[in-house]
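Hi there,

Here is the structure I promised to pass along. Have a look at it first, and then read on for my notes.

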Amino acid sequence: MADSDIASILDRARHGLRPSPSEAERLADCDDLPALMAAAAAIRDEAFGDAITYSRKVFVPLTQLCRDRCHYCTFAQPPRRGVSPFLDADAVLAIAEAGRRAGCKEVLFTLGDQPEARYPSAREALVALGHATTLDYVGAMARLVLERTGLLPHLNPGIITRESAERLRPVSLSMGLMLESSAERLTRRGGPHHGCPDKHPEVRLAAIAAAGEANIPFTSGILIGIGEIRRERIASLLALRDLHERYGHLQEIIIQNFRAKLGTRMRGAPEPSAEDHLWTIAVARILFGAETSIQAPANLSPASKAQLVAAGIDDWGGISPVTPDHVNPEAPWPHLDALAQEMATAGKVLVERLAAHPRYLRAAARWLSPTIGARTLRLMDSEGYARSDLWTPGSLTPPQPERNQTFTRRDSPARTLIERALDDACNGRELAEHEIVALFRARDADFWRVCQAADALRQARHGATVGYVVNRNITYTNVCSFKCQFCAFSKGKLSENLRGRPYEFDLPEIARRAAEAWVRGATEVCIQGGIQPSYSGRHYLDIVAAVKAAAPSLHIHAFSPLEIRQGAVSLGVPVREFLQDLKAAGLGSLPGTAAEILDDEVRRVICPDKLSTNEWLEVVAAAHEIGLRSTATILFGHVEQPLHWARHLLHLRRLQARTGGFTEFVPLPFVAEQTPLYLKGRSRGGPTLRETVLMHAVARLVLQPLLDNIQASWVKLGPEGMKLCLEAGANDYGGTLMDERISRAAGASHGEAMTRREIESAIRSLGRIPRQRGTLYDAVSDERRAQARRHGDSNARIQPTVIDISSPWHRATGHS
């Protein structure tokens, strides 16, 4: 075939046009390996960026009996006297538990095909175990491991029908079956699959199709070097591509090289060369394009890891720190640190994934059963990869930051994008959405690069100073008519099962708390509450008046944009007019809460009846325009993705450019433990530590030079988390709070107050200089600082006078 024809096919493939069957067949005659590999790598980079994935798994060989006798296999063994045909439940759990302790998230069940069809001992063993078939038993063991250990099962069950696939789907995240080859001649006498009824191509393709009909994320692939020719490999790949085009379920295609094993009929057969393996990987990538991951097992190929990456793979498959590769026991798994270094040298980042690839997890409603979906969410990060640490916001688990490894990392398109984004950000230019996403996706050395760039900006603007405010939270009621699924604090019809009773503070109690805060040296009270159905805007005005009467000089930082809008609607006045009335009554500024994620796609899931993105922005803009400044927040780590974070930050930057009214940006990591969204299995367990630190760093980069202050939340981060964020662009410690309730209700364990002395001590321990500030980042008077020193260092619990409302939905409170 003419070189120009091949070049045209490869060029179209680079631009997303996969070769037709006739064009694919022509590739069989192409010996230009560098050209094939270059095209394959370009296609891979466009789809997967720098990430090369693997799954940390534990391998459970449930049975090694098999009715087939493949001529190259050492896994399948005949029955042996005194050896149980199947691992029992205790043995399965022991292997799985060892994997869980070693940090595995996948449990791989591998077994022979339908051994009960060949061996009476297998049938007898299944009866003794209480099961009719091997598939029934693997389903029971997958359920047991899932429930007892939380590991996510990937099943290699052999031949399945749609009915059996649907039975196994509720207890497996993914399944797999290698096609191996669509060449029927390999099943004839003298071929490697002779005498193997389950290796007939039609049988295997039907089983793979059944998985597609059942909407199961599925792994398949081909085995090269068992007597097939190039055109047969291409025909096999096209057969798999046809199934994927029909069902969309083939998450990865494995290109596995044959290895001759002692004790098999093919022990003397030649193994495919490294070049042959690379050729097949490259052709597979070209045929499948960006649709599917291409995998080469990390422990089998004669080619180097760098060569395999250059040929277009994006995945290494499962790697176990606990169990050997029972199918290829002669081939040890690579050490993960060494593999990470090899990937860095190749310009890539090694990323742990779960047993299903991210694009399937992001479409969980189609691909995962509800039970599996809920458990998977708890183990995944915002991109659909595996959580990289055990830390969660609000927990006492010590944060373990990514090691600042000194890997030699070759440049790549993704890394170039990060460097360009950092350069633009440091020069104050607005970043594009995709550039912000790239910063949020930074890992390993790039993660530290982003953090260091953000902290350099912080250092240039604030030096060694870290601010804090002496304040008190007054959360005047937890009764709320809204149905925010991320909130464990509010009490309403749908939250009666959550901890805590409904309550509200009357005006004298609010005033008492404000006066007490003033005596303790506070300069601010932060006042917020649920949307109590009986409150009108008049009540909000009364709260401001009561606080002003009790402590005239205390800054009132009060009412979220949701409360503002609700108050205005209740009085039948425009938002701007209501804000002006509040300001005249003594309101000093607004907390920028209720923002959550400023993207309506996400808001429809987490707070469907709350104000929209535009409504939030309109309320805040109106406040800024009449001289009321506000904070800005983001609640992250639940159902959203980095794209939504980017949109949120751009909304804030653009509003700040218009009004200049934001005083600070406060990232609020989602504390999930007690929230309805998490308890119902509909959210992740909060952001990872990497994501949390990056939120502070990327915010500094995106919002500068328009917004100077990035605040970290000690309630959610704890002292060690605060340290990491203050070294990644944050410059403010927040407030003393005195009585924090909302994060505590969701499960946070870092307390409800810090004293001035504790905050200053924490700041000094980092080599920084504490600065007591006002709400608007203004100077605090000598009198207030002295009062805080005299009376503000008690952490004694303030006992409130609380009106306990047993059924707020059935009794009026008397407020008008």
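Which residues does H644 touch, not counting those up to four places away in sequence? Keep that in mind while you turn the model, which is a predicted one.

The contact partners of H644 turn out to be I597, D599, E601 and V602, once residues up to four places away in sequence are set aside. H644 itself belongs to helix α25, which covers residues 642–659. Is H644 buried or exposed? Its relative accessibility is 5%, and since buried means under 20%, H644 counts as buried.

Now for the chain as a whole. The protein chain has 31 helices and 20 strands. Along the principal axes, its C-alpha atoms fill a box of roughly 95 × 60 × 50 Å. The radius of gyration is 30 Å, which agrees with the value near 28 Å that a compact globule of 816 residues would have.

Burial goes beyond H644: 62% of the 816 residues in the protein chain count as buried. As for contacts, if you take those with a separation of 6 or more, 78% are between residues 24 or more positions apart.

On the surface side, the protein chain exposes about 30,300 Å², with carbon and sulfur atoms supplying 51% of that area. I also looked at the charges: there are 99 positive and 94 negative ones, and their mean positions lie 3 Å apart.

Happy to talk any of this through with you.

Best wishes

Methods:
Residues are numbered from 1 along each chain as its sequence is written. This is a predicted model: local features need pLDDT of at least 70, side-chain atom pairs count only at pLDDT 80 or more; totals for chains, interfaces and linings use all residues. Side-chain values use heavy atoms; hydrogens and water are left out. Helices (H or I, at least four residues) and strands (E, at least two) are DSSP runs, numbered from the N terminus. The radius of gyration is taken over C-alpha atoms; the globule rule is 2.2 Å times the number of residues to the power 0.38. Buried means under 20% relative accessible area, exposed over 50%, partly exposed in between (1.4 Å probe, protein chains only). Contact means heavy atoms within 4.5 Å. Accessible areas come from the Shrake-Rupley method with a 1.4 Å probe; for residues, only the protein chains shown count as cover. Lys and Arg count as positive and Asp and Glu as negative; His and the chain ends are not counted. The place of a charge is taken as NZ of Lys, CZ of Arg, CG of Asp or CD of Glu.
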